[in-house]
Amino acid sequence: MSSGSSLSSADELLKYRLNARYGATPVLREVEGRLAAGEIAALVGLSGSGKSTLALALQRLLHYRGGRVDGSIVLEGTELMGLSESAMRSIRGRRIGYVPQSPGTALNPKLRVRTLIDETWSAHARGRMDDAARQTLLERVQLPGTGAFLDQRAGELSTGQGQRLLIALAILHGPALLIADEPTSALDAITQAAVLRLFAELNRELGTAILFISHDLLSVASIAHRVDILHEGSVVESGPPGRIFGEPVHPFTRDLVDAMPKRP
Ligand SMILES: Nc1ncnc2c1ncn2[C@@H]1O[C@H](COP(=O)(O)OP(=O)(O)OP(=O)(O)O)[C@@H](O)[C@H]1O
Ligand SMILES: [Mg+2]
């Protein structure tokens, strides 16, 4: 059985230890985590516990939200904290894919699907994608690859379609790490399950490591190899889903497990 401590540095994709604050208010306190290549780790915490703050901090984007970060973020052997903004821009979208919390605000509603794909492509690649490549990408996330769909504007998509499109854009350049911030919380139960299966499939087929952020312990249990529990800005417990469910140690984790719906 593998454990965090037996992880060889060759397998290690991401390792971080961070503090984050907004003004004088600390939000993350010595939050530590690591991800092996190809691993799915879930970060679970209540609303306001600092999940989106961590997602942005790991990409060195927190200053856009008025936050400050200190600590260390090592991705593929490179310390990100010391990198220039232009070096970070070449990493974001290429080595780190990001699925933000809400498709409604993340996609410009006036832009057509084709334009959104092309803009994402040209951020890190030359030339143009053709319709066959766009079709392959859309079908990868179970969206129609038709010309009619490519002509639709983002504002005309359903929330589930918008969420799938965000995932397609996030994997376009084949990132080693995908950070997904509550990618299923706005979806109905059936669509939620389908999008979770899609993440598991992308992980299996492309080998993409995923940091899957959620407030819902139950929904991540089926896909995560490891669960980190975030409570009041600190990771209070970390382990495989079976252990977290079966033998929760921290009182907060026990409350989370107890609050889960039980089978009748
Ligand atoms: N720009 C900001 N300025 C000040 N405080 C902020 C700012 N953004 C977030 N916060 C505070 O930081 C804390 C963590 O916010 P964050 O968005 O990271 O939580 P979250 O775990 O993602 O919550 P949710 O599940 O609701 O998305 C909250 O108390 C929030 O009010
Ligand atoms: Mg959030």
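These are my notes on the ligand 1 site, helix α7 and the nonpolar core.

**Entry 1: model.** I am working from a predicted model.

**Entry 2: ligand 1.** I looked up the shell around ligand 1 and found 14 residues. Y22, S47, K51, S52 and T53 come nearest. I then sorted the shell by residue type: 10 are polar, 2 nonpolar and 2 charged. Which helix supplies the largest share of the shell? I find helix α1, residues 51-58, with 3 residues.

**Entry 3: length of α7.** I checked helix α7, residues 159-171, against its expected span. The helix has 13 residues, and at 1.5 Å a residue it should span 18 Å. I get 19 Å between its end C-alpha atoms, so the two values agree.

**Entry 4: surroundings of α7.** Is α7 mostly covered or mostly open? I count it as mostly covered, with 11 of its 13 residues buried. The buried stretch includes G160, Q161, G162, Q163 and R164. L165, L166, I167, A168, L169 and A170 are buried too. I listed what these buried residues pack against. The helices are α3 (103-106), α4 (113-122), α5 (131-140) and α8 (189-206). The strands are β6 (96-99) and β7 (177-181).

**Entry 5: nonpolar core.** I turned to the largest nonpolar core, which holds 64 residues. A57, A168, L177, I179, L211 and F212 touch the most other members. Helix α7 gives the most to this core, 6 residues.

**Entry 6: A168.** I followed up A168, a buried residue of α7. Leaving out residues up to four places away in sequence, A168 touches L137, L138, R140, V141 and L143.

How values were computed:
Residues numbered from 1 in each chain as written. Chains lettered and ligands numbered in written order. Predicted model: local features only at pLDDT ≥ 70, side-chain atom pairs only at ≥ 80, totals over all residues. Near = placed C-beta within 6 Å. Helix = DSSP H or I, 4+ residues; strand = E, 2+ residues; numbered from the N terminus. Nonpolar A, V, L, I, M, F, W, Y, C, P; charged D, E, K, R; others polar. Expected span 1.5 Å × (residues − 1). Buried ≥ 20, exposed ≤ 12 C-beta atoms within 10 Å, placed from the backbone. Contact = placed C-beta atoms within 7 Å. Core = buried A, V, L, I, M, F, W, Y, C linked by C-beta atoms within 7 Å.
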